[in-house]
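Q: Could you take me through one part of this model up close, namely how a pair of packed helices meet, and then set that against the rest of the chain?

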Amino acid sequence: MSTHFPHTETPSAELAGVSLSYAKHGPVLKSLDWQLLPGQVVGLLGRNGSGKTTLLETLLGLREPDAGTVRVFGQDAGRLDDAARARIGYVPQQSDLFEGFTPAQLLAYFKSFYPRWNEAKVEGLMSRWDIARDKPIRKLSGGQQQRLSIIRALAHEPDLLVLDEPVASLDPVGRRDFLRELVEQVLDRGTTVVFSTHILSDLERVAFNLAFLSEGRIALQAPLDELLEQVRAFTGTVTELASLFSRLGAQPLKRTPLEAGRERVLARLPAGVAVPLDAQAVNLEDLFAELT
Amino acid sequence: MNTAAYNQLLLAFWRQRDRESPWGRRAMFALAVLGLALSIYLVPQLTAPLLAVAAALVLMSLWTAIIISLMQQNHPHVARCVPRHLRQTLETALVSWATLSLACAALLWFFLQKMPSFELLLLGAAALLTFLGWALREWQLWLVISIGPVLFFGTGLDRRLAPFVAAVRELWLAQPLTLLGLSLLVLGWAVASLFGKGDDAHRASYTRFDRIRRASEDSMRGKYAGAGAFGEAGKWLSRPFELALSGWQRYAVSRAEPTLPSVMRRAEIVLHGRQHWLYQSLGIVLGLVIAALSFMLAFALAGQGLQENWTKGAYGMAIGMASMGFNPAFGLPNMLWHSRREQALLRLLPGMPQGVALNRAVAWTQLRHALCAWALTTAGLGLLAWAAGEAALMCMGFGALPLCAGWLLRPPSRMKAPTAWATIAPVMAFIFGGWGMYALHLMLHLPLLVLASLSLVTSVALGAWRWRALVAAPAALPAGRLA
């Protein structure tokens, strides 16, 4: 097993049977179960409006679920103590926050709350990402605001880093720098990272685990390399495929009916099973389209 | 002629109207109609003039809505890229201006007695609508209207320009229609000049107009854009405020401790933003200085002593002082809504209270702010009342106190997006409360001490009731997440 996917008994975050509805939009999360193990890097995938932000906010205790439990570092997410909160870093979807502050003011402000603050890392990233220290945040570009938000979240060296579409406003170079920083963070400190994104190529670079959010639940979570190796698309009649899956021990993930009693099925094969020749390989984009 | 395009341009203001607080607007409309009906009931002999003036005011409001909408539609990109858009916008504006000017003049001419000639009324109405259009684009024109008359008469310009005015009058009497026609042509050109063709000058003027329009819309929802919306002059004026708040932030951060007062002192900077007590205090001090200077200038230029006018102006000054002192505190819940995205990060900070403790801390921060503002403003009203010998001015303070408890102590987690009505409602409630107290004092001869006690008891009872509900509510931050 990869060093980035260590097995441990105590999850960094755990959601069990979580349901959450909005008064005007109906249910968003439906009896959702999810675990984030220490050192895992998880990419959260889901369609627009599928509830990714709601899920991440619920995980952090910023939204109270209608049912179920949410625990972070073993504590109730709604009542985290100071020590637990000092171990969390969060980059929200919007980066145009604290617009009246300058970056220097923002960082000094947040520094005053945290017991641990890596000034060298902050200075290094501020220079590397070329962020003016004394320019009001509202005058920074969207990409610079997002970079600043990431620096703020990394500065206190969190053990759990939650990022909601952190690279949406970044150019390719900015994204590459950010991902490099993220990987270093994980390699150096074993930080648990969960981030949502729509940029699938970025996931291929850093997300060792993928979680697919669909219809209010985590439809599937598995290491990316395992998914690409074990998930295949099969086409045939219902009877043929049922017999094939039974013989291979495959787990059907998504069925799409075709004409004349045929169907296309996305199925996950057990590890070590020889892949049938007529099975089609799938890429990350196919997985996103089929599983979300 | 394609009338559909003109309809789209003309009716855009109605189609794009704010639909967020219909009941608030209906209430305001009902109040206006009620006021008009009451006036007609009290003075039946003035029915026709009152209706005519009311109708003229409605027409002027209609013009304001139309011209703002047309100027907004005259975006530089649209003016440059959409065929015939500029010409059709200009035609719509000019036809609206001409029709509404004519209608206003006709209404006043037919229903009001002792009016000047119809030509003069038409010229006056057309000039007023033109001025409104320009003042909606260039805010500095409101300053001209505010202090212009004082300077005009105070510096003796009226006397110096008397020969010129007399010559124009002679000319008007000799050739009224020619002068009216020429004047209307100039005014029409001025209306047409409100619109641009997508060049650099248009882009600059549109940016200014759009900035003020957005700031005005935001302020109706309780979000204050600050003086920066007024361009470079505004930024220059707001610089001391920014420096003061920045200094306070440095102080709060440098003295940071893991204690509740220290944490909330820092959190308040984000929670209240431009409604922070320091910002408001400086704003009030600046407002008082400007008001004092204006009054002194006005009285000095008008050649009258201050003392003589003190009593006459006491009510106006009290209303101004009360509005300046009380109203900003009523806007604090709106600021919680506008800082809700930042609150998600605040909630995760070590030291930040959680659950019930957070509810108490946020509520107390707002209540303390409002009570301090109330105490200082009421003290100011007391001084004014003493100086003017009119103790009843204190009723405004008595009317505002229950609102500090009733309006501010609401569970932030359930608050809805602030609307124009939510911004105006506490102001109206305070005015009605103050007037109610004043009426009780005047009509029932209730002593001020009784009114003060009534206000205090109501406030404490209301506060205790709301406090219990607030403490039992879900965590206060982020605000509005359960709406």
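A: Sure, and keep in mind that this is a predicted model. Let's start with helix α18 (residues 355-388) of chain B and helix α19 (residues 395-408) of chain B, whose axes lie 10 Å apart and make an angle of about 175°. Angles over 145 degrees count as roughly antiparallel, so α18(B) is roughly antiparallel to α19(B).

Now for the side chains at that contact. From α18(B) you have B:Gln366, B:Leu367, B:Ala370, B:Leu371, B:Trp374, B:Thr377, B:Thr378 and B:Leu381. Facing them from α19(B) are B:Met396, B:Gly397, B:Ala400, B:Leu401, B:Cys404 and B:Leu408. Sort this contact by class and you get ten nonpolar and four polar residues, with no charged ones.

Another helix pair in chain B is worth a look. Helix α3 (residues 47-73) of chain B and helix α6 (residues 118-137) of chain B have axes that come within 10 Å and cross at roughly 45°. That angle makes α3(B) oblique to α6(B), and the crossing is right-handed. On the α3(B) side, the contact uses B:Met60, B:Trp63, B:Thr64, B:Ile67, B:Ile68 and B:Met71. α6(B) brings B:Leu129, B:Leu132, B:Gly133, B:Leu136 and B:Arg137. By class, the contact of α3(B) with α6(B) has eight nonpolar residues, two polar and one charged.

Stepping back to the whole of chain B, you'll find 21 helices and zero strands. The domain assignment splits the chain into domain 1 (3-13 + 24-218) and domain 2 (233-472). Taken over C-alpha atoms, the centres of domain 1 of chain B and domain 2 of chain B are 35 Å apart. The C-alpha trace of chain B spans about 80 × 60 × 40 Å along its principal axes. Of the 483 residues in chain B, 29% are buried. Among contacts in chain B with a separation of 6 or more, 81% join residues 24 or more positions apart.

Chain B also touches chain A, with 22 residues from chain A and 21 residues from chain B in the contact. On the chain A side, α2 (82-85), β6 (88-91) and α3 (103-111) each supply at least two residues. α3(A) gives the largest share of that side, three residues. By class, the side of chain A that touches chain B has 13 nonpolar, four polar and five charged residues.

Terms used: Residues are numbered from 1 along each chain as its sequence is written. Chains are lettered from A and ligands numbered from 1 in the order in which they are written. This is a predicted model: local features need pLDDT of at least 70, side-chain atom pairs count only at pLDDT 80 or more; totals for chains, interfaces and linings use all residues. Axes are lines fitted to C-alpha atoms, for helices over the stretch in contact, and angles run from 0 to 180 degrees between N-to-C directions. Helices (H or I, at least four residues) and strands (E, at least two) are DSSP runs, numbered from the N terminus. Angles under 35 degrees count as roughly parallel, over 145 as roughly antiparallel, 65 to 115 as roughly perpendicular and the rest as oblique. A crossing is left-handed if the near helix is turned anticlockwise from the far one by less than a right angle, and right-handed if clockwise. Two residues are in contact if their C-beta atoms, placed from the backbone, lie within 7 Å. Ala, Val, Leu, Ile, Met, Phe, Trp, Tyr, Cys and Pro count as nonpolar, Asp, Glu, Lys and Arg as charged, and the others, Gly among them, as polar. Domain bounds come from an automatic or database domain assignment. A residue is buried if 20 or more other C-beta atoms lie within 10 Å of its own, exposed if 12 or fewer, and partly exposed in between; C-beta atoms are placed from the backbone.
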